Structures are given as structure tokens and as C-alpha cells.
Amino acid sequence: MDFKLTEEQRHLVDMVDSLAEKEFRPLASRWDENEEFPWPNVKKLAELGLLGLSIPEEYGGAGRGILDTVLVVEHIAQHCFNTAGILTLHCGTCSRAINHFGSEELKKRFLPVMASGERLAAYAQTEPNAGSDVGNLKTRAHLDGDYYIINGSKIFISNAHEAHIFVVMARFDDASGTRGVGAIVVERDTPGFSVSKKDHKLGFKGTSIAEVVFEDARVPKRNILVEAGNFGKMMQAFNAERCGNAALSLGVAQGAFNEALRYSEERIQFGKPISAFQGIRWMLADMAVQIEAGRLLLYRAATNAEHELPNLLETAMAKTFCNEMAIAVTNQSLQIHGGYGYMREYPIERMYRDVRFPALGGGTVQIQKNLIAAELLKGNWTHY
Ligand SMILES: Cc1cc2nc3c(=O)[nH]c(=O)nc-3n(C[C@H](O)[C@H](O)[C@H](O)COP(=O)(O)OP(=O)(O)OC[C@H]3O[C@@H](n4cnc5c(N)ncnc54)[C@H](O)[C@@H]3O)c2cc1C
């Protein structure tokens, strides 16, 4: 068992750390306060090849693995959650799905423009009456010659206003539950496809979130990604997405800890820095232990997923732990900041709001716990 990153991974982390700290951190509050999409950051990610991190080199990407994507997302999320969230949706979810399931033609058409940042991607699954209950999806795609005609609507779609490529889950045949569900790529300029006005949310405010609507939207048949009847396989592949989601939580937790540590050494009360008080020290110690435990769970899950070892249980455990841990750690960090932590001037106020998203997206914490329990009851828990 080796807990060291490779030299190449160390270089990647150092490069991303320096980028995020010097360029992303100073503007992180701007995207949040103005509810503005961080285009300069996205352009920078594209220039450095990070938007195409998980895309194979033959399609213009960097061809890096799942753990590398996790490392990049984690280190950006420490400083700018919005930028890290956009990256994980584009790279961890959408490009991975197209690469995993798409035909050669589809990969050639979409992956290079996604790697270069010319086209951003969004993932459209949730519907008004089908959030966790994916088997209840109503958006319907039926074949008409060389086109699928799609009708229905999707809500809570992140990056909807900026994206050009939508990976859409829909019902392709009349089979009930998840058996009829498949996936297709829809381009923004498709006739019959529209994006509604932005919704407003608690955190993750630098990204748009909106409903997307399909009214007899005509999508070429060749855009099919996953045929109905392959839901299980599709969900296995989306495990990697959960690693990206967990990396967002882990990154915010580390960022919140760093803020707390710094503040506790600067803030003087009773004639001493508050870091001198045992009550604060124990909070810092507890936070660090929790963060490190999450990191180990996540790196193991990502490594298993990358090597195609069993990872359903590991990924669900890592996501659950990191999501809940990050909410708790961010809360503790705010407490260490006292009243100042509640104010906009300090980044912890933003982190405290942003960190609620990962526990809801990518399969809620409760859905992960259902998955974990199901795996345990099947005897699928490998001890190391
Ligand atoms: C900021 C943000 C960004 C998002 N971005 C996207 C996106 O880009 N694309 C997209 O498709 N969706 C996106 N979503 C939607 C997200 O994936 C859903 O909110 C999530 O799947 C939960 O669905 P729901 O909101 O309908 O809650 P519900 O499924 O109605 O759940 C409500 C509560 O019940 C619990 N629950 C439900 N079923 C069970 C069960 N069987 N056992 C135990 N508890 C259960 C849930 O955990 C939750 O606590 C986003 C959401 C947010 C908040």
C-alpha cells in the first residue's frame, strides 16, 4: 500500500494550487456576490488543458485519470467553489459520459471542443417529479426516421445558461422504472429546445441554474449515448462523478480549515491568540482528523474507480463522508471566526453556503446510504 502521489501528480497539484491561490481566490467573492459566471477562470482552465483533463489525448484532452481529476477539483475548491463545480460537471460528469458511452463519431464531434473550452457541457437528469426517483423520469424520446423527438422538462440544471452540450437522461421506451431510461446528447441550438430564466440559490451562485424544456425537440439519432435497458451500466460509470462531487466537499473543508487556522492565530482575546485556548485547539484537531479521513476514503474510491476495481460501495462511502464532514467542518470554522464568520468580508460565510450543494447533487447523502446498505447486505464489503 502506497499513500504517495506520483511525481506527475505532485506537479499537477503544485500547479493547480498556485493557480487557484493566486488567480481564483482573489475574485472568488465576486462571482458569488454578483451571481456571475467566472468566465476568466474557465478560459484559464481551458488554456492549461484542465477542461480536458479526463478526455483522452486522441480527442485533444490530457488523458488523465479519475484520481487526477479529484486532485484538481479538490485544490480548486479550496479557493473557488464555483470554478471547481463547473470543472467537475463539465469534465467529471459530461465528458466522461460521452467518452465512456459515445460512438466514435460522437466523441470526435464533441470531445475536442469540450477539451478546448469552445463548448461547455451540462448534465440534465432531474425533473419536477423525479429527483432521487430516476425511475419516474417523464421526459420522452421517440424515434421518427433519423431523429429522436423529445418532449418534457428538466429542472435545476447547472450551467444551463452557459452550456452548449447537454447530456440528457430520457425515457426511450415504454418499459417501466429505470429500464426505459437512456441518455442522449442535445445541442443548445436544437429546434424545440429552450432554457428558462435563471433560478436563485443559496450558494454555488457563480453558476446559472435553470429549467430546460423540450417541445418536439428534434435531435439526430446519431446523438444517442445510452440505449434504454442499460441503466445499471450507466450508473456504474457515473460513480466517477460522485468522486468529483466528494472532491468539491473535501476541497471546501480543507479551505475552511485553513481559514480557521489562520484566523485562530491572528485573533487576540483575553490577551492571547484564540489558538492558545484548548477549546479551539480541539476543534482544529477534530476538523483535521475528519478531513484526512475523508481524503483517504476519497483517494481510495477514485483509485479503485480508475483501475476498474469494485467501487460502488467505496464511492458512496467517500461521497457520504465527505459531504457530511465538509458541512460539519465548515460550520466549525465559522464558529472559530465568531461573529466575523457570519459577515461577507470573510470567505467562510460563502463556503458555509456553497458546501450544502454536494450533499444534494450527484445522488443525495440519503440515496448514498441506501446504496451502501444494499451493498453491505449483499456482502460486498471488502476489508483492507
Ligand atoms: C445547486 C444544485 C445544482 C444541481 N445541478 C443539477 C444538474 O446540473 N443536473 C441535474 O440533473 N440535477 C441537478 N440538481 C438536482 C439534484 O440532483 C437533485 O436536487 C437531487 O437529485 C435530489 O432530488 P430532489 O431535489 O427532487 O429531492 P427528492 O428526491 O425529492 O428528495 C427529498 C429528500 O428526500 C430524500 N429521499 C428521497 N428518496 C429517498 C429514499 N429512497 N430514501 C431516503 N431518503 C430519500 C432525499 O435524500 C432528500 O433529502 C442540482 C441541485 C442543486 C441543489
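This report covers the overall fold, the pockets and the cavities of a predicted model.

## Overall build

The chain has 12 helices and 10 strands. Its radius of gyration is 21 Å, close to the 21 Å that the globule rule gives for 384 residues, so the chain is as compact as a globular protein of that length. Along the principal axes, the C-alpha atoms fill a box of roughly 80 × 50 × 40 Å.

Buried residues account for 54% of the 384 residues. Long-range contacts are well represented: among contacts between residues at least 6 apart in sequence, 74% join residues at least 24 apart. The accessible surface comes to about 17100 Å². Carbon and sulfur atoms hold 53% of that surface.

## Largest pocket

The largest pocket has a volume of about 1200 Å³. Its lining counts 42 residues. Nearest the centre lie Thr-126, Leu-360, Gly-361, Gly-362 and Gly-363.

Several elements each supply at least two lining residues: helices α5 (81-101), α7 (231-237), α8 (239-266) and α12 (365-377), and strand β3 (147-158). By class, the lining divides into 17 nonpolar, 18 polar and 7 charged residues.

## Second largest pocket

The second largest pocket has a volume of about 740 Å³. It is lined by 24 residues. Asp-2, Phe-3, Tyr-299, Arg-300 and Thr-303 lie nearest its centre.

Helices α1 (7-24), α4 (66-77) and α9 (278-306) each give at least two residues to this lining. Helix α9 gives the most, with 9. The class split is 10 nonpolar, 6 polar and 8 charged.

## Cavities

The structure holds 3 cavities of 30 Å³ or more. The largest has a volume of about 60 Å³. Glu-35 lines this cavity, along with Lys-198, Asp-199, His-200, Lys-201, Lys-205, Thr-207, Ser-208 and Ile-209. The lining of the largest cavity has 5 charged, 3 polar and 1 nonpolar residues.

The second largest cavity has a volume of about 40 Å³. Its lining is formed by Ala-77, Gln-78, His-79, Cys-80, Phe-81, Val-252, Arg-350, Met-351 and Asp-354. Helix α11 (residues 347-354) gives the most to this lining, with 3 residues. Here the classes are 5 nonpolar, 2 polar and 2 charged.

Terms used: Residues are numbered from 1 along each chain as its sequence is written. This is a predicted model: local features need pLDDT of at least 70, side-chain atom pairs count only at pLDDT 80 or more; totals for chains, interfaces and linings use all residues. Side-chain values use heavy atoms; hydrogens and water are left out. On a 1 Å grid over the protein atoms alone, a cavity is a set of points where a 1.4 Å probe fits but cannot get out, and a pocket is an open set with protein on both sides within 12 Å along at least five of seven lines; lining residues have an atom within 4 Å of a point. Grid points are joined across faces, edges and corners, and a volume is the space filled by probe spheres set on the points. Ala, Val, Leu, Ile, Met, Phe, Trp, Tyr, Cys and Pro count as nonpolar, Asp, Glu, Lys and Arg as charged, and the others, Gly among them, as polar. Helices (H or I, at least four residues) and strands (E, at least two) are DSSP runs, numbered from the N terminus. The radius of gyration is taken over C-alpha atoms; the globule rule is 2.2 Å times the number of residues to the power 0.38. Buried means under 20% relative accessible area, exposed over 50%, partly exposed in between (1.4 Å probe, protein chains only). Contact means heavy atoms within 4.5 Å. Accessible areas come from the Shrake-Rupley method with a 1.4 Å probe; for residues, only the protein chains shown count as cover.
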